[in-house]
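Colleague: Hey, could you walk me through this one? I'm new to reading structures, so keep it simple.

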Amino acid sequence: MQQAAEKTLAASDTGVPIVSLSEVGVVYPNGTVALSPLSLDIADDCVTVLLGPSGAGKSSLLRSLNLLVRPSSGTVRVRGEDIAQSAGTVRAHRRETAMVFQHHQLIGRQTALQNVLTGRLGKHSFWRTVFPFSEPERRLALACLQRVDLFEKALTRCDNLSGGQQQRVGIARALAQEPRMILADEPVASLDPASSERVLTLLRSICKEDRIPVVISLHQLEYAREFADRIVGLSAGKVVFDAAPAKLDHNALAAIYGG
Ligand SMILES: Nc1ncnc2c1ncn2[C@@H]1O[C@H](COP(=O)(O)OP(=O)(O)OP(=O)(O)O)[C@@H](O)[C@H]1O
Ligand SMILES: [Mg+2]
């Protein structure tokens, strides 16, 4: 079992990781070193959880994976190709990378369905977005809502949904993007335990069923142990742990959180 989990750490079936960071460092314009140069491969079919204290660099690492944060050094390769070479490949990579946020970033006065359809906007040219969504796109959006078990709420305004339901709409919006990777930055930080379990179960099943990598930053150790195939522990911008959850022992926790 553990062998199987560790096998997924290395590479996807094709032998080429979806995203590969090579000596990637992030220094913000004010001089803050958020990530010291690190190398990391993200493979298909693997739920990777980023752990670390506040300020350790989890969000910076997550956002380097789709270049929302531009690394100050190193190379980001997508399926073997250095994507920073052209704005077009960066845009294409962002289009196929969906993000799920702590505060879901939905438009409260719009329905769940309208919010999910915004996941399709990146697929169209500016002029195309002026026109209504096509019938197949509406059907796809409804199927995404069905997948997160919110089909009945399709026409409900998002500000009338619970926090857990809103986060599931956020996941449906990510699915509508037909992503090849999902990045989730503290997706359960504002949720109660039952809703958190449900959201993380969903993200894990999407990873396994669709065979796309899911990278999640979390503060809750118990969820990391339950839902991750691989845990990457960060401390002060450095990777201090990178292994299957079973290996997250006392020493590993001390390396990540100090003490
Ligand atoms: N836009 C920014 N400009 C300058 N410094 C930043 C910026 N964003 C983050 N930082 C700094 O970079 C370091 C890493 O921040 P990051 O947000 O990646 O940490 P984190 O592990 O996600 O923390 P948290 O658990 O609080 O979300 C911190 O010292 C933070 O203050
Ligand atoms: Mg963060």
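Modeller: Sure, and one term before we start: helices here are DSSP runs of at least four residues, numbered from the N terminus. Also keep in mind that this is a predicted model.

Colleague: Got it. Which helix gives the most to the shell around ligand 1?

Modeller: That's helix 2, residues 58-64, which puts in three residues.

Colleague: And which residues surround ligand 1?

Modeller: Going along the chain, you meet Tyr28, Asn30, Thr32 and Ala34, then Gly52 and Ser54, and then the run Gly55, Ala56, Gly57, Lys58, Ser59 and Ser60. By type, that shell divides into eight polar residues, three nonpolar and one charged.

Colleague: OK, zooming out. How many helices and strands does the protein chain have?

Modeller: Nine helices and ten strands. The radius of gyration is 18 Å, close to the 18 Å that the globule rule gives for 259 residues, so the chain is as compact as a globular protein of that length. Along its principal axes, the C-alpha trace spans about 50 × 45 × 40 Å.

Colleague: How much of the chain counts as buried?

Modeller: Of the 259 residues, 39%. And if you take the contacts with a separation of 6 or more, 70% of them are between residues 24 or more positions apart.

Colleague: What domains does the assignment give?

Modeller: Domain 1 covers 1-96 + 181-259, and domain 2 covers 103-178. Their C-alpha centres lie 25 Å apart. Where they touch, eleven residues of domain 1 are in contact with ten residues of domain 2. On the domain 1 side, helix 7 has the largest share, with six residues. That side divides into seven nonpolar, two polar and two charged residues.

Colleague: What about the largest nonpolar core, how many residues is it?

Modeller: It has 67 residues, and those with the most contacts inside it are Val49, Val116, Ala172, Ile182, Leu203 and Val214. This core draws at least three residues from each of domain 1 and domain 2.

Colleague: Pick Val116. What does it touch?

Modeller: Leaving out residues up to four places away in sequence, Val116 touches Ala141, Cys144, Leu145, Val169, Ala172, Arg173 and Ala176.

Colleague: Switching to arginines. Is Arg230 buried or exposed?

Modeller: Buried, because it has 22 C-beta neighbours inside 10 Å and the cut-off is 20 or more. Arg230 lies in strand 9, residues 230-235. Its C-alpha is 5.5 Å from that of Ala243, which is 13 residues away along the chain.

Colleague: And why does Arg204 count as partly exposed?

Modeller: Because Arg204 has 17 C-beta neighbours inside 10 Å, and partly exposed means falling between 12 or fewer and 20 or more. Arg204 sits in helix 7, residues 193-210. Apart from neighbours within four places in sequence, Arg204 is in contact with Val47 and Phe227.

Colleague: Anything odd in the backbone angles?

Modeller: Here's some background: most residues other than glycine have a negative phi. Asp149 has a positive phi, near 65°. Glu178 has a positive phi too, near 50°.

Colleague: Where is Asp149?

Modeller: Asp149 is in the loop between helix 5 (135-147) and helix 6 (163-176). It is partly exposed, with 13 other C-beta atoms within 10 Å.

Colleague: And where does Glu178 lie?

Modeller: In the loop between helix 6 and strand 7 (181-185). Glu178 is partly exposed as well, with 16 other C-beta atoms within 10 Å.

Note on methods
Residues are numbered from 1 along each chain as its sequence is written. Chains are lettered from A and ligands numbered from 1 in the order in which they are written. This is a predicted model: local features need pLDDT of at least 70, side-chain atom pairs count only at pLDDT 80 or more; totals for chains, interfaces and linings use all residues. A residue is near a molecule or strand if its C-beta atom, placed from the backbone, lies within 6 Å of it. Helices (H or I, at least four residues) and strands (E, at least two) are DSSP runs, numbered from the N terminus. Ala, Val, Leu, Ile, Met, Phe, Trp, Tyr, Cys and Pro count as nonpolar, Asp, Glu, Lys and Arg as charged, and the others, Gly among them, as polar. A nonpolar core is a set of buried Ala, Val, Leu, Ile, Met, Phe, Trp, Tyr and Cys residues joined through C-beta atoms within 7 Å. Domain bounds come from an automatic or database domain assignment. Two residues are in contact if their C-beta atoms, placed from the backbone, lie within 7 Å. The radius of gyration is taken over C-alpha atoms; the globule rule is 2.2 Å times the number of residues to the power 0.38.
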